[in-house]
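Got your viewer open and a selection box ready? Here is a walk through the model, one stop after another.

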Amino acid sequence: MDFAALMSKEIAKAKAPAAPSSGSDTNSSSKAPGKKYIRRADEEAARIAAYNEEQARLEKEREERMAQKRKLEEEETERRLEREEKKRRLAEESRKKREEEEASQERERRKRIGLPEVPPKPSETGTPEEGGGDQGEDISEEELTEKLRELEEPIRLFGETHNGRLRRYKKLLERSLEVQKMSDGPIPTTLEPVPEVEMKISTTLPEDAEGRHFLFRQLASYFNMVLSQWELALAKRDVTVKQSLQGRQAYNAMVQSRENMTPLFRKFEKSDINNSVLEHIVEIVHKAQQRRYVDANDAYLRLSIGKAAWPIGVTMVGIHERSAREKLHQGDKQAHILSDEVTRKYLQSIKRCLSFAQTRWPPDDQLQIMG
């Protein structure tokens, strides 16, 4: 056999199709036809797609459950409203029935003892009740709505007619005229606040009642302004400063000053304050508005401690009185702050307001800063 025939035989044997084996080609049968391997990217993409499909299915089920829950809640709410409406209707019917029975019994009793019949109610005759729309001029719907809004009241109540709204408006108007409106501020008061440009206080006390009332309005407006600025300054602090011991003490001092000055405002409203105390308060506020805080502090010391001589040590060393001993007990020079607890508290609050004012409105002259 020559070499060429041998090579042809080997080539033909190599080209013959190999028979599939049973054991070694098990994995190849699970692969796709024509492929010997699967890429990792394709396997990861298939896993991600299956995961997304599972999440979408779970989200859809969750939305269906939420929709079912909302539907059940709405149905329960509707049933509850229907029950409440039914109860209200039954209560209204039973009330009307009871009133009719009482009215019939009253008519029978009056007829039996010979009394005149009960006059019909205004609602039965169609006429407005006493104090209703027949008294005074009528008001149109639009005007009545605007007036009720000005009083910050609901423009219409459930089942309310025009006459009922008119009666309610007139009652509210009478009540607002009787009760004085309290002004907004840290300390609510019936004294009408004055603008800041009119808050400048003179040193002389007015003699007439109108002038004193305006002075009390100025004092109340000034102290309310100081307290509001004090509260605003404390609110602007950091949270760490607010929660610290010093921060809580500062806030408690402001709250205590606001509470202790309330009796002073009530004295302003009633014009029931001693002139000797009022003169010093006016002087303190006047000096504070001029940013002369040292002079204001001196006026406060004259008000709190007074000019009375304070004895130190031995005051009686013999049987004879020393000269000027009577000055120790002169009534006009005694301290007002020691008279009662309420006065002491609001005077101490004035001193705290003075201390805050010099930090909020510092003076031009550094010598006027209190120590």
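## Stop 1: the whole chain

Start with a surface on everything: the protein chain has an accessible surface of about 27,500 Å², and 52% of that belongs to carbon and sulfur atoms. Keep in mind that what you are looking at is a predicted model. Now switch to cartoon. You should find 13 helices and zero strands, so to speak an α on repeat from the N terminus on. Colour by burial, and 25% of the 371 residues count as buried. If you like contact maps, look off the diagonal: among contacts between residues at least 6 apart in sequence, 61% join residues at least 24 apart.

## Stop 2: a greasy spot on the surface

Select Phe 3, Met 7 and Ile 11, which make a nonpolar surface patch of about 320 Å². Ile 11 belongs to helix H1, residues 3–15. Is Ile 11 buried or exposed, or partly exposed? With a relative accessibility of 44%, Ile 11 counts as partly exposed.

## Stop 3: salt bridges along H3

Next, turn on the charged side chains. Over the whole structure, a search gives 18 salt bridges. Try these:

- Arg 39 and Asp 42: a salt bridge with the closest N and O atoms 3.1 Å apart. Asp 42 is partly exposed, at 36% relative accessibility.
- Glu 76 and Arg 79: another salt bridge, where the closest N and O atoms are 2.7 Å apart. Both residues sit in helix H3 (residues 40–113), three residues apart, or about one turn of the helix. Arg 79 is partly exposed at 38% relative accessibility, and Glu 76 is partly exposed at 38%.
- Glu 85 and Arg 88: their side chains meet in a salt bridge at 2.5 Å, N to O. This pair also lies in H3, three residues apart. Arg 88 is partly exposed with a relative accessible area of 37%, and Glu 85 is partly exposed at 35%.

While you are on charges, pick out Glu 54, Arg 57 and Glu 61, which are joined into one network by salt bridges that share partners. A general point helps with the spacing: an α-helix has 3.6 residues a turn, so residues three or four places apart point the same way.

## Stop 4: the largest core

Hide the charges and go inside. In soluble globular proteins, nonpolar side chains tend to be buried together. The largest nonpolar core here has 45 residues, and those touching the most other members are Leu 219, Tyr 222, Phe 223, Met 261, Leu 264, Leu 278 and Ile 281. Colour the elements that give two or more residues to this core: H7 (209–235), H9 (245–260), H10 (262–270), H11 (275–289), H12 (293–304) and H13 (341–360). Which helix gives the most? That is H7, with eleven residues.

Centre on Leu 278 and show what surrounds it. Leaving aside neighbours within four places in sequence, Leu 278 is in contact with Leu 205, Arg 212, Leu 215, Phe 216, Leu 219, Phe 268 and Ile 273. Elsewhere there is a second, separate core of six residues, including Ile 139, Leu 144, Leu 148 and Leu 172.

## Stop 5: H10 and what comes after

Isolate H10 and look at its buried residues, Leu 264, Phe 265 and Phe 268. They cover an arc of only 100 degrees around the axis, which puts them on the same side of H10. Bring back H7, H11 and H13, since these are what the buried residues of H10 pack against.

Now check the backbone just past the helix. Most residues other than glycine have a negative phi. Ser 271, which follows H10, has a positive one, near 55 degrees. Ser 271 is in the loop between H10 and H11 and is partly exposed, with a relative accessible area of 39%. Then move to Arg 291, another non-glycine residue with a positive phi, about 60 degrees. Arg 291 lies in the loop between H11 and H12 and counts as partly exposed at 33% relative accessibility.

## Stop 6: a buried glutamine

Finish in helix H13, where you will find Gln 358. Gln 358 counts as buried because its relative accessibility is 15%, under the 20% cut-off. Show its contacts: beyond the neighbours within four places in sequence, Gln 358 is in contact with Tyr 293, Pro 363, Gln 368, Ile 369 and Met 370.

How values were computed: Residues are numbered from 1 along each chain as its sequence is written. This is a predicted model: local features need pLDDT of at least 70, side-chain atom pairs count only at pLDDT 80 or more; totals for chains, interfaces and linings use all residues. Side-chain values use heavy atoms; hydrogens and water are left out. Helices (H or I, at least four residues) and strands (E, at least two) are DSSP runs, numbered from the N terminus. Buried means under 20% relative accessible area, exposed over 50%, partly exposed in between (1.4 Å probe, protein chains only). Contact means heavy atoms within 4.5 Å. Accessible areas come from the Shrake-Rupley method with a 1.4 Å probe; for residues, only the protein chains shown count as cover. Patches are made of residues with over 30% relative accessible area and no salt bridge: like charges are joined within 9 Å, nonpolar side chains (Val, Leu, Ile, Met, Phe, Trp, Tyr) within 5 Å. A salt bridge is a side-chain nitrogen of Lys or Arg within 4 Å of a carboxyl oxygen of Asp or Glu. A nonpolar core is a set of buried Ala, Val, Leu, Ile, Met, Phe, Trp, Tyr and Cys residues joined through side-chain atoms within 4.5 Å. The arc is that of the directions from the helix axis to the C-beta atoms.
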